[in-house]
Amino acid sequence: MIPKSARIRLEFDAEVLRNEILAVHDFESFQGFWHRFENFLADRMVMGHLNVLESHGWVPSDFEDVDSQLAYQVGEEAYRVDYTQLAREWTVTIR
């Protein structure tokens, strides 16, 4: 399990996804971003990779909006973050 102080690291092959996370400002725009991320993986037939990462606690899951913040699980740990801070809190890199 990742320590609570660790950052989430999501690696994308497409720069457009990295730029889109900067445009997230509420739950609706986050859902749009995450939907495009899942489609990006499915298009490349690596959807199972996301499931494996989730099961090891390397990517968040179970998203919801709580008091205008994004609430999610990483492994067994619960987190809340302002939407505008996602790009800073999640380390997003390009492969």
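From the N terminus on, the elements of this chain follow the order β-α-α-α-β-β-β-α-β. The model is a predicted one, and its chain holds four helices and five strands. Of the 95 residues in the chain, 34% are buried. Among contacts with a separation of 6 or more, 54% are between residues 24 or more positions apart. The accessible surface of the chain is about 5900 Å², and carbon and sulfur atoms account for 48% of this area.

**Helix α2**

Helix α2 consists of 17 residues. From its first C-alpha to its last, α2 reaches 24 Å, which is close to the 24 Å expected at 1.5 Å a residue. Its buried residues are Ser29, Phe30, Phe33, Trp34, Phe37, Phe40 and Leu41. These residues cover an arc of only 135° around the axis, so they lie on the same side of α2. The exposed residues Glu28 and Asp43 are carried by the face of α2 that is turned away from the buried side. At the N-terminal end, α2 is capped by Asp26, which has a side-chain oxygen 3.3 Å from the backbone nitrogen of Glu28.

**Salt bridges**

Side chains of opposite charge can pair when their charged atoms come close. In this model the count of salt bridges comes to two. The table gives each pair with its N to O distance.

| Salt bridge | N to O distance |
|---|---|
| Arg36 and Glu20 | 2.3 Å |
| Asp67 and Arg80 | 3.3 Å |

What does the salt bridge between Arg36 and Glu20 tie together? Arg36 belongs to helix α2 (residues 27-43) and Glu20 to helix α1 (residues 15-21), so the pair joins parts that are 16 residues apart in sequence. Arg36 has a relative accessibility of 38% and therefore counts as partly exposed. Glu20 is also partly exposed, because its relative accessible area is 22% and the buried class requires a value under 20%.

The side chains of Asp67 and Arg80 form the other salt bridge, at 3.3 Å. This pair links distant parts of the chain, 13 residues apart: Asp67 is in the loop between β2 (61-66) and β3 (69-74), whereas Arg80 is in strand β4 (residues 77-81). Is Asp67 buried or exposed? With a relative accessible area of 63%, Asp67 is exposed, since the exposed class begins over 50%. Its partner Arg80, at 46% relative accessibility, counts as partly exposed.

Note on methods
Residues numbered from 1 in each chain as written. Predicted model: local features only at pLDDT ≥ 70, side-chain atom pairs only at ≥ 80, totals over all residues. Heavy atoms only, no water. Salt bridge = Lys/Arg side-chain N within 4 Å of Asp/Glu carboxyl O. Helix = DSSP H or I, 4+ residues; strand = E, 2+ residues; numbered from the N terminus. Buried < 20%, exposed > 50% of the residue type's maximum accessible area, 1.4 Å probe, protein only. Expected span 1.5 Å × (residues − 1). Arc of directions from axis to C-beta. Polar contact = N/O pair within 3.5 Å; in protein donor to acceptor, adjacent residues only side chain to side chain. Contact = heavy atoms within 4.5 Å. Areas by Shrake-Rupley, 256 points an atom, 1.4 Å probe, with all protein chains shown as cover.
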